[in-house]
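Here's a quick round of questions and answers on the model below. Have a look at it first, then read on.

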Amino acid sequence: MCIMCMEILKGRMNIKEARHALKELVATTDKKEELEHYLELSKISDEDFIEEIEKLNSEE
Ligand SMILES: [Zn+2]
């Protein structure tokens, strides 16, 4: 799980802040896997965003 998802799970970042952070992360990451993860999250709705993070959390 990436740092951003971790922050959301811990309640230190809300979805609105995460959307903002995503733009920055997409522009700055040089890892292909991370980029795909960020782009995926950029495309989906807030509800799906939260669902995705909870799903990632339960897998770890
Ligand atoms: Zn993540």
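Two residues count as in contact if their C-beta atoms, placed from the backbone, lie within 7 Å. Keep in mind that this is a predicted model.

Q: Leaving aside neighbours within four places in sequence, which residues is Glu7 in contact with?
A: Glu7 sits in helix H1, residues 3-9. Once its neighbours within four places in sequence are set aside, the contacts of Glu7 are Arg12 and Met13.

Q: Is Glu7 buried, exposed or partly exposed?
A: A residue needs 20 or more other C-beta atoms within 10 Å to be buried, and 12 or fewer to be exposed. Glu7 has 15 of them within 10 Å, so it comes out as partly exposed.

Q: How do the buried residues of H3 lie around its axis?
A: The buried residues here are His37, Tyr38 and Leu41. Looking down the axis of H3, they fall within an arc of 95°, so they line one face of the helix.

Q: Which helices are included in what covers the buried residues of H3?
A: The side of H3 turned away from its buried residues carries exposed ones, among them Lys32 and Glu36. On the buried residues themselves, the cover includes H2 (15-28) and H4 (46-59).

Q: Which helices each supply at least two residues of the largest nonpolar core?
A: That core has seven residues: Met4, Ile8, Leu25, Tyr38, Leu41, Phe49 and Ile53. The helices that each supply at least two of them are H1, H3 and H4.

How values were computed:
Residues are numbered from 1 along each chain as its sequence is written. This is a predicted model: local features need pLDDT of at least 70, side-chain atom pairs count only at pLDDT 80 or more; totals for chains, interfaces and linings use all residues. Helices (H or I, at least four residues) and strands (E, at least two) are DSSP runs, numbered from the N terminus. The arc is that of the directions from the helix axis to the C-beta atoms. A nonpolar core is a set of buried Ala, Val, Leu, Ile, Met, Phe, Trp, Tyr and Cys residues joined through C-beta atoms within 7 Å.
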